[in-house]
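Me: Could you take a close look at the disulfides here and walk me through them? I am a first-year student, so please explain the terms as you go.

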Amino acid sequence: MWPLWLLTSLLALSQALPFEQKGFWDFTLDDGLPMLNDEEASGVDTTSGVPDLDSLTPTFSAMCPFGCHCHLRVVQCSDLGLKAVPKEISPDTTLLDLQNNDISELRKDDFKGLQHLYALVLVNNKISKIHEKAFSPLRKLQKLYISKNHLVEIPPNLPSSLVELRIHDNRIRKVPKGVFSGLRNMNCIEMGGNPLENSGFEPGAFDGLKLNYLRISEAKLTGIPKDLPETLNELHLDHNKIQAIELEDLLRYSKLYRLGLGHNQIRMIENGSLSFLPTLRELHLDNNKLSRVPTGLPDLKLLQVVYLHTNNITKVGVNDFCPVGFGVKRAYYNGISLFNNPVPYWEVQPATFRCVTDRLAIQFGNYKK
């Protein structure tokens, strides 16, 4: 019955918000801190990308690769030491799991006849070469998980049906213009853990994409990349080498709900930079080198969660978080973290947190977890 559990897990994944995907496959998207869990903030239609349940009725095909487990339309071939994509895969397969093998190359006809494939899992192999027509038969593919391989470039000619691409922990140094052309359905890309520098993004690299979610964590970025999709609801750039947020850096990202900039080297956030984010609800600036609370937080009417722990903040002003007067802030804070900062917390006035839902929402004091 465990292949049926596998299919159930995929369906649950497809309905979850991108940053919360975990458990069945290790996407390493969480940074260990709680996040908001409201569908409205995700910007993702929770019904989009879910296969028609009627299409998942039992199949009586006798085709199943040796050593694999096949049930319904799920073919599970993980952890078998495979050197290549197996043959004899049923053409009505919806989910193909090939993770944790030794596959080094995807050939032209490896997926021939799999026109109904919805999700392809190739995580943790040794893939370094992909034929330019390897994905051509996959006309209905929506989820491609190819993280933890040896890729040095974004695979060419990705299926136009693709909705979600997980390609983190590879060796990609360059994102050329046009590599995502024609991917009008794409709304989620996870490409962290690659040695990407700011110069690695060619101008127009993301042209045509209408992403909701983008993560470029654990790379070599020294600043916020230019010309990212302006449709983004979530942008995660944690664990980089970003040193400052300048005024124009966030200008085009007015639809952001969540911004992750934790574990960088940020010392300065230019005044007015955050004013371009009117819908922001969650801001991660923990584990940086800030010496004060960023200006502009009281003007963010929907902001609910701010992570500022493990910085160099020495003072918290009475108006650093909350607006002066009433009726300005539309959503109260339900999380402010300030611990592990050299703040004399006994000097902070109680009115500083007048727009916080509960005192337990404030993590304060100079202690380490």
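Reply: Happy to! Let us begin with a term that we will need often: a residue is buried when its relative accessible area is under 20%, exposed when it is over 50%, and partly exposed in between, using a 1.4 Å probe and protein chains only.

Next, a word on what you are viewing. This is a predicted model, in which local features need a pLDDT of at least 70 and side-chain atom pairs count only at pLDDT 80 or more, while totals for chains, interfaces and linings use all residues. Residues are numbered from 1 along each chain as its sequence is written, and side-chain values use heavy atoms, with hydrogens and water left out.

The score pLDDT is the predictor's confidence in each residue, from 0 to 100. Here the chain averages 85, and 82% of the residues score at least 70. Residues 1-60 are another matter, since pLDDT stays under 50 there. Where pLDDT is low, the predicted coordinates should not be read in detail.

As a backdrop, the chain has two helices and 18 strands; these are DSSP runs numbered from the N terminus, with helices (H or I) of at least four residues and strands (E) of at least two. Of its 369 residues, 53% count as buried.

Now to the part you asked about. A disulfide is a covalent bond between the sulfur atoms of two cysteines; in this model, a pair of cysteine sulfur atoms within 2.5 Å is taken as one. The structure holds three of them. If you count the bonded cysteines along the chain, they pair in the pattern 1-3, 2-4, 5-6.

Start with Cys64 and Cys70, whose sulfur atoms are 2.0 Å apart. Their link is right-handed, with 85° about the S-S bond. Both ends are partly exposed: Cys64 has a relative accessibility of 27%, and Cys70 has a relative accessible area of 31%.

Cys68 joins Cys77, with 2.1 Å between the sulfur atoms. This link is right-handed too, with 115° about the S-S bond. Are these two cysteines buried or exposed? Cys68 is buried, because its relative accessible area is 11%, and Cys77 is buried as well, at 0%.

Further along the chain, Cys322 and Cys355 form a disulfide with their sulfur atoms 1.9 Å apart. The link of Cys322 and Cys355 is left-handed, with -90° about the S-S bond. Cys322 sits in the loop between β16 (305-307) and β17 (335-337), and Cys355 in the loop between β17 and β18 (362-363), so this pair ties together parts that are 33 residues apart in sequence. Cys322 counts as buried because its relative accessible area is 1%, and Cys355 is buried at 5%.

One more cysteine to look up is Cys188, which is buried, with a relative accessibility of 1%.

To put the picture together, follow the chain from Cys64: the pairs Cys64 with Cys70 and Cys68 with Cys77 give the 1-3 and 2-4 parts of the pattern, and Cys322 with Cys355 gives the 5-6 part. Try finding each pair in the 3D view, and compare the partly exposed Cys64 with the buried Cys322.

Notes. Contact means heavy atoms within 4.5 Å.
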